[in-house]
Structures are given as structure tokens and as C-alpha cells.
Amino acid sequence: MKTLLQIENLCVKSKEKQILKGLTLKIGKGETHIIMGPNGAGKSTLLNAILNNPAYEKTEGKIIFDGADITDKKTDEIARMGVFMSFQNPQEIEGISTFNFIKSAKQKRTNNPINYFELSEELEENATYLQMNQGLLTRDLNVGFSGGEKKKNEILQLLELNPKLAILDETDSGLDVDAINIVSKGINAYKNEDNAILLVTHSSKMLEKLKPDFVHILVDGQIVATGGTQLLDEVLKNGYKNFKKGV
Amino acid sequence: MAKTELDELNTNIYDFKKKDDYAYKMKKGLNANIVKEISKQKNEPEWMLKLRLQALEIYNKLSLPDWGPDLSELDMNNLATYVKPKSEQKSSWEQVPDDIKDTFERLGIPKAERDYLAGVGAQYDSEVVYHSIKDELIKQGVIYTDIDTAIKEYPEMVKKYFSKCVPLADHKFIALHYAVFSGGSFVYVPKGKKLEMPLQSYYRLNSPESGQFEHTLIVVDEGASLHFIEGCSAPKYSKINLHAGCVELFVKKNGYLRYSTIENWSKNMLNLNTKKAIIDSGGEVDWVSGSFGSKISMLYPMSILKGDNSKTEFTGISFAGHGQNLDTGFKVVHIGKNTKSVINSRSISKNGGISTYRSFVYVMKNAQNAKCSVSCDGLMLDSKSRSDTIPVSNIQNQSVVFSHEATVGKISEEAIFYLMTRGLSEEDAKALIVKGFSNPVSKELPMEYAVEMNRLINLELEGSIG
Amino acid sequence: MQKINKSPVLTSNNFGINYFFVENVFEKLKPFKNFKITNCDTQEKEPENITYPICEFSVRPNVCKKLCLNESTAKVEFNLDGDSVFNEQKIEVKSGLKTKIIFDFSAQNSFLFNKIIFDLKEESFCDAVFVINTKNTNNFLNFESVLQKNAKLNLTFATFSNTKSIFNVFSKNLGENSETNLNTMYITREGGKIDLNLFVQNIGKNTKANINSNGALLDSAEKSFKGTIDFLKGAQKSFGAEKEYCVLLSSGAISKSLPMLLCGEEDVTGSHSSSSGKLDENQLFYLMSRGLNKKEATSLLLKAKFNSGLKQIFDEELKNKILEKIDRSVYGKSF
């Protein structure tokens, strides 16, 4: 089947406020989708809703992933089915090292025991590829990491867990030019014909490196425009004011 | 055994909730004759008997504390019969609660240890282990023996230090302790000797009691260094439900002592333990403490920073589950100049457990440049439980730098969500976070203890204990 | 001697923080009518007995007034000289009303006991500022408030004393979304003793409690601070934060502190932080390197520490009075 993710008429509420008001989206294998929009439009809400974050309530609509209805499934089930989210503000979890955490998360996806030494080598390679300080692997997960280090750690997890669908929430925010290049490199290394990417971003730098297939403009809880690179150029040049008019 | 007058009186039924009746009963349960018998049985010198009798007098005069958890269910009825020498102190396996037996299974405790821990075995068969270690220690000039032996073989040393750190009149249960104490360790580390291997309290416990009233006395001489580990994560069961032990630590100039404890008394126990350390100049005492079991706990280890440049650190975690009231904390007194204390305490409450953290920091008038930082965090796993923080400080010197921070709350939902997006189930995510919360303590313990402690936390979270 | 200002949770008596002890001065009281109340309606009321949390005995004020606030800033002023006064004010803040009130108490060679009960109805908001300036006067201020749904209370105290100064504040955030913000500033000198017992209870959902106490001790002054934030079961999504700071400006000063967090509800955020000791040497040095002498730098740093309370003082004249008192204490002049 070519379609990986299908969202139909999704309506989502958070803290009594209606944020998504009927959103429909289709993502196929091998595709890179970008979501852009003004602040408060609902971009983060959409990503969190796909993973069924209990802080967000779905009032209508369906989400189908790889043929299965995941609308009401538990977050960890959805994750084990092959959806990965890279957070804008990754949590600091003390008491477990980055290495051990990745090992546990990988173990959840396969029934075979993970070989410590193989994993160790693999992680070191990937960390080097992402120009990450090796010391971060033995430190507690994200604890005391700088913004850039946290984001790279998310991409490291992306490469290790190798999901079918990668959802990236403003992976570029707070990063300098070099870091954006490295993170883009990592995402491109993950990309292939069988998986897909859904990225929320504001920055043009990252878009240059990632070459999106589809660009969606999200305004006030709905997708108001979908297009290719032309749409992207339009937004980067003129902002969102033209898209807000119709809503 | 012929019934004595004492036993007749004790067969009446009193209401323990009434403090007056309760005090009367306690008084009745214990008298000078019993104390004399204990001393005689142990063949103690005159000075020790005198001390015991003095303590008994003080015990009768002091009243119960008017703060903290309700202690009225203390079963003092059996105390007198229990502490009497030659009395039947062992339990039988039938009496041991199921959850204790189950925990032994889950924690993988070997059969030989189980007998000892359940108060069923006459001797814990660590004799062999103990003896081989003993020879090694003797070579290094280290004394490690039980307190009864120490009183006879090293009387001058014991007399010099015994009860000088924790005074007889400290509080009612210490007075009780000094009247009836039995068993415990005595350790002396000579000048300059740095012991590589930690000493563990259960190496040398070869008495039938389960250590209810044991007295531990440790002296670390100048420049020496020791790591002492007390207890283990296996639950200890006993017929009598009071544990009123005492630990006295003396650290001389530039000495170092790390005192690690994991306490997991069975869920019917009242754990009223007193531990104090007196630290001379340049000395340091680090406390590492994990409190899991017992129904009621009142545990406030204390460091007295007597000498200039002395230091102390306390890292502790307590886990109060269903039916438990754990009232724990730490006390420190800064006396010398340039002293430093760091207190880091965490508590977890679950399923109706009550966790109370109390601390006392006292910086005296002449404690120039004292530095003290206290942090305590409470984690609540549901709304049936309680987490209270009651930290007192008394600062009398203006050059001090003192800060205290505390937080209370639940596991962050964002953290749970983050871990679930990596495929961990909600239970696994919570367990990971709780273990991470306990990490400051587990990382200070030797590996096998840390592993045991983590297994214990898992069991607590599953609710399979109690 | 009588025990008053009982701690909400008792600790070991050795710590000396469970109670404050006073001689029995209540017999010497006489009625006092010499106070000014402006910009609000007043009525005489029947005084009631006062018991916990202040005293272990029963006391009854001898004058009681009920105040009905309106949109203007009400003002209650006392000026005592050689008097012994025991007063009570019951203050009602009507539903939906946003208002302010100033209490300006000055006293010398006197005894002052004042009880205030604040009743904040739904959606009301009150900004209350107390300035208490005493010399050779023992004063006891007891303050109780109950907040209904969406009500908000800002209570700011500034107190300067050289004898016994006792405060007991007990506020209940009863209704959903209600909020109590307590700010205290104090400078105590000579043999003065200040005892603060501040208690905010979060009862309703989404309630907020903030306790912020900043002070300085001179000469042989002594301070005892008991701050309690109590989260009752059911107070979901509530917030409580306590901050306490006390600087000891002389070798004879004593600072005792008990910042408590009591929690019976898991879905809350509670925190407290407390620090005592000397002024930050780096900050002092920085200011002195810009040309300020030590006293000027100390005064500036104190004002900076008191800022969270100072910015709540909406009356400029009053604020300047307080700033001046800070200067006078640092420079060793009497208040």
C-alpha cells in the first residue's frame, strides 16, 4: 500500500479550546511533507494528536496509519507500530543514560536481544556522523544538554529507531547554521522510499536541504493550501497574510 | 517458665490510644530486675549495668513526643518478655507473613539468609564468610566485632566512646534502647588505615535476635577511611514490632566515613532509630539512606560538625506505600569554622502512604563561613497519599551561606508522553521516572545494593508488597 | 507566659519554633477610638472571641468595626502613643469589586493587637498594603481571609520594629481559581523579635498561593518564620510557591525558618526556597566598584531584595516612606 498516513476531518480540542477544525491530510511512502503556518494555528497540536497525547482531545475524525486505525490507540502502541516524534523541547529524564534509553526503546520494537557491543559501535558512529560529543551518550537523557545537543539527540534516536513515519516538530528552532546543516544531514540519511517525513518548520534553511514534496499551510486549525515549491516560495516571500483572509 | 507478678498485671487490656494508660503500661512492662538480668546474662562490667539502670530511670521520666506520627499502637506488652534473656525469641515459619515470604522469592534471597531475616534461624550461616574477612582485618589492625565482645575485650575504648555521641536522655526511645540494648557492631579503624572493601553489618550477626535494639559504635581514627553498610533490601520480620536501635559514629581528624543503609523492616514495624555522627576537624561523614519498609518510621540521622573544616553529606530516599507513615529527614549542627553540609533528600508516596520530610539545620554563633545547602523533593504517585515537607533552620552566624529548596508534585505528564512516544508503556515510563528519581541514592551504593534497591522499587510500584 | 502563634504542624520543641511566648498583656487593654478610616462605609460590630491559630487561650477585642469597601482606596490609620489597643476590623469585598486598602499603623511605647478578617466574594480583587512602624511597642497582627471563586488578594506588609512583632496570616483559597499573594518585608533591630506565621490553604481547583518574605536583622534581633502552603485533596492543578530570604547584618542576629509544604493532592505544583546569611559578596563588590560605599551598596541590595513587595505598594508616598526607612535602618538611625 502506498499511503502511510491518512488523516480524515480531524477536530482536536485542548483545555476547552477547539484548535483543529476539520483537518485532512494524506502522506504516502517516500514523501516529505512540510507544515507551515502562523503561531497558534495548530501545528504542534496536529503532531501531538497523531501520537494521541492525552492533553489533546479528539472530538471528530480518524487517523489511519499503515492500514490500521490509530485514532484512539495508546501512545506507546502507536510508537511501536512505527511512528516517531522528534520534540521541539525534549524532556530531561534523570537516572537513565542516553545509551541505555536507546537500547530499551530499540528492545521494545524487536523480540531479539540487543547486542551491547554492536549497539555501542553503531551509536558511536551515528553520534560522530551527527557531530555529537560522545560523552552525551553516557550522560542522563537530555539532562543539562544544550538546545542544539537535545535536538541532535532526537535525530540520533530517529536514526536508531528507524520508524516508518518521522514526525519532526520544529527540529530547527534554536539551532545555529552549522547545527541545522548537521540535523538536515541526519534526516536525509534516514529518508528512503519506504518511509515518510512530516516536518513542522519556520526556517527556510532546513527546507533548502530537505527538498519537500508537499507543502501545507495550516491556518486557524485547517489546511488552507497545499502545493509544491512554488507555494513555499510564496510563503517565504509574502508570509501568511494572504492565507488568513479566507478563514 | 513460672508466671511472675509482672505477667499477671500485663494480661489486662488497656486502650493504647490513651496516653496515660499507655505510659503506665510501658512502665509496668519494664523494670530494673529485667535490666539486671540482661546485664548479668551478658556478663557485663559494673559500669555498663549502672548505665542501663540510669537509662531505665530516664526512660520512665521522659514523655512521648507531642509531634510526628501516632505511636500509640506500640506493643510494649511483649517487650519485657522479649528482652528477658533465655526467652523464646525465635519465630516459626508459620508466623511469618506471606508477603515477606513472597518478597524473599522476588528479590532472590538465598535460603540460608531467609531463616535469619525471618527471625526463624538461630544463626545466620555467614560464619564462614565472617571468619575469613575477620582474619584479613586483624592483619590491618582493624577491629570488627560484636558489641558484647567489644565491651569485654576492648573496655577502655568502648568506655571512652559509648553513649558519648547519643546521650541517654536524647529522647524516650533512646533511653529505652540504652536500658535493653543487645547486639550490634563495634568497628575501630586505626590511624591512616584506608579500608578498600566496605564492611557490612550482616557479616557478623550471629545472634538469634533480629537486631531490634542493636547498638553500633564506629570509630574512624585520624586520617583513616571506611565504608560501612547496614541492612539490606530484604524485609526483616520480627515478633515484636519495635526497632529502637542506635548508631554512634566518631570520625577523628581528617577521617572519612561513608555510612550506607537500606532499611526495609516488615510492614508491622515501628522503626525509631537514632543515628548520629561527631566529626572532628577536616573529617567527613557521608550518609546514604534508603527507607522502604516499616509501618511507622521516625528516622533523623544527624551530623555534628564539631571540628573546623568538617563536612557532611546526606543523600536519602524514602518510599511510603499503602499503610505506611515514613517520617524521616536529617539534622546537622555547624559548630566549627568553615564547615559544610549538603543535604539531598527525596521521597515518594503511593497508594495512601504518608511521607514526611523533616530537617533541622543549626548554625551556631561561632560557626564562621558555614555553608549549607538543602534540597528535598517529594513525588506523589496519586492523590490518596501525602507528602509533607517540614524543614527547620536556625542560623546564628551572619557569615553563613544557607539555602534550601524543595518541590512537591507528580510525575510530569510531558515526561510520560515523551517516553511513551519511544514505545515504553505507561507503567514502564512511570517506573523509569521513579527509578530515575531515586538515582542519587542508588548511584552511591555498591552495585549489588543498587540492583536490589531497584528491584525493591519495582515491587513497591507493582504494589505486590503490602 | 503564654504560647501563641502555633505552627500548623508541630516539630520538636527543641527547635524553638512551635510557638512564640508573650507575657500576658491583655488585661491592660483599653478602648481606642483614635483611628481614622477613610473612603469606605463603617459600622460598629459585636467583637468575637479569638482562638486558634493564634492563641491557646480565648481573647476578645474591645472595638470591632465592619468595613464595606468601594472603588476608592480605603485607608485605616492608627497613631498610638502610650496606648494599649485591641481592635478588630471585618472587611467585605463585594462580588466583582476591584479595590485597594491601606493600613498605616504607627505606634510608640504602646501595645497593639489588631485582627482583620477579609471576606472576598466571587470575582473580587483586593490589593491590601500594611505599613507598620513601631518603636518600643509589642504588636500582634492577626489576619484571616476567605476567597470565593475567581477572587484575588494581594497582601503586602512592611514592618519596622525594635520589640516584639507578631504576624499571623491565614488565607483560604476556597473557590476555584482564587489566588492569594503574600509579600512581607521587615527590618528588625535592637532586641526586637519578629514572628511570622503565614498560612495559605489551596482548597479549590486551580488555586494559587504565593508567599514571599524578605527581611533584614540588625543588632541582636531575632526572626522566626513559619510559612505554610497546604494543598488539600481536591485542589487539582493548584500552584504554590514560597520564597524566603533573610539577611543577617550583625553578629548577634538570629534567623529561624520553617517553610512548609503540605500536600494531599498529586496534581499540583509546589515549591519553596529559603536562604539566610550574608549579602552576596559579588554583588556588593560590583556596586562598590561603581563608587558606592558599603552602606549605600547594602541599602541598594536590600531594596532590590524587597522589590517583589515594593512593587505591590501602589501608593507612591507610602513607598517612599518605606524606602526611607530602609535607608535609616542601614545607616543606624532610629526608625
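pLDDT is the predictor's confidence in each residue, on a scale from 0 to 100. Keep that scale in mind, since what you are looking at is a predicted model.

## How confident is the prediction?

Let's begin with chain C. Its mean pLDDT is 87, and 95% of its residues reach 70 or more. Within chain C, the element with the lowest mean pLDDT is strand β1 (residues 2–4), at 75, while the highest value, 95, belongs to strand β14 (residues 179–188).

Chain B averages a pLDDT of 80, with 77% of the residues scoring at least 70. Its elements run from helix α1 (residues 5–10), which has the lowest mean pLDDT at 33, to strand β13 (residues 302–305), which has the highest at 97. In residues 121–128 of chain B the pLDDT is below 50, and this stretch has 17 contacts in the model beyond near neighbours in sequence. The pLDDT is also below 50 over residues 203–210 of chain B, a stretch with 32 contacts beyond near neighbours in sequence.

## Chains A and B in numbers

Here is a small table for these two chains.

| Chain | Residues and buried share | Helices and strands | Accessible surface | Carbon and sulfur share |
|---|---|---|---|---|
| Chain A | 247 residues, 52% buried | 9 helices, 10 strands | about 11,100 Å² | 45% |
| Chain B | 466 residues, 63% buried | 15 helices, 20 strands | about 17,500 Å² | 50% |

You can also ask how far apart in sequence the contacting residues are. In chain A, among contacts between residues at least 6 apart in sequence, 67% join residues at least 24 apart. For chain B, residues 24 or more positions apart account for 85% of the contacts with a separation of 6 or more.

## The nonpolar cores

In soluble globular proteins, nonpolar side chains tend to be buried together. Which residues touch the most other members of the largest nonpolar core? They are A:Ile7, A:Leu10 and A:Ile50, in a core of 61 residues. Helix α12 (residues 413–420) of chain B supplies the largest share of this core, 6 residues. Both domain 2 (96–411) and domain 3 (412–466) of chain B give residues to the core, so it lies between them.

Take a closer look at A:Ile7. Setting aside residues up to four places away in sequence, A:Ile7 touches A:Leu23, A:Thr24, A:Leu25, A:Leu46, A:Ile50, A:Lys62 and A:Ile63. Another core, of 56 residues, lies apart from the largest one, and its members include C:Phe78, C:Ala151, C:Ala209 and C:Val268.

## Three buried residues to find

Start with C:Phe103, which sits in strand β8 (residues 98–108) of chain C. Is C:Phe103 buried or exposed? Its relative accessible area is 0%, and buried means under 20%, so C:Phe103 counts as buried. Beyond its neighbours within four places in sequence, C:Phe103 is in contact with C:Val76, C:Gln89, C:Ile91, C:Ile116, C:Val129, C:Phe130 and C:Val131. C:Phe103 and C:Ile132 are 29 residues apart along the chain, and their C-alpha atoms are separated by 8.0 Å.

Next comes A:Asn142, in the loop between α4 (116–129) and α5 (147–161) of chain A. A:Asn142 counts as buried, at 0% relative accessibility. Its side chain makes a polar contact of 3.3 Å with the side chain of B:Tyr418. Residues that A:Asn142 touches, not counting those up to four places away in sequence, include A:Pro90, A:Gln91, A:Thr98, A:Asn153 and B:Tyr418.

The third is A:Asn48, found in helix α1 (residues 43–50) of chain A. At 8% relative accessibility, A:Asn48 counts as buried. The side chains of A:Asn48 and A:Asn53 are joined by a polar contact of 2.9 Å. Leaving aside neighbours within four places in sequence, A:Asn48 is in contact with A:Asn53, A:Tyr56, A:Met85 and B:Phe417.

## Two residues with a positive phi

Most residues other than glycine have a negative phi. A:Asn162 is not a glycine, yet it has a positive phi of about 40°. You will find A:Asn162 in the loop between α5 and β7 (165–169) of chain A, and it is partly exposed at 47% relative accessibility.

C:Asn109 is not a glycine either, and its phi is positive, at about 50°. C:Asn109 belongs to the loop between β8 and β9 (111–120) of chain C. With a relative accessible area of 45%, C:Asn109 is partly exposed.

Technical notes
Residues are numbered from 1 along each chain as its sequence is written. Chains are lettered from A and ligands numbered from 1 in the order in which they are written. Side-chain values use heavy atoms; hydrogens and water are left out. Helices (H or I, at least four residues) and strands (E, at least two) are DSSP runs, numbered from the N terminus. A nonpolar core is a set of buried Ala, Val, Leu, Ile, Met, Phe, Trp, Tyr and Cys residues joined through side-chain atoms within 4.5 Å. Buried means under 20% relative accessible area, exposed over 50%, partly exposed in between (1.4 Å probe, protein chains only). Domain bounds come from an automatic or database domain assignment. Contact means heavy atoms within 4.5 Å. A polar contact is a pair of N or O atoms within 3.5 Å; within protein, one must be able to donate a hydrogen and the other to accept it, and residues adjacent in sequence count only if both atoms are side-chain atoms. Accessible areas come from the Shrake-Rupley method with a 1.4 Å probe; for residues, only the protein chains shown count as cover.
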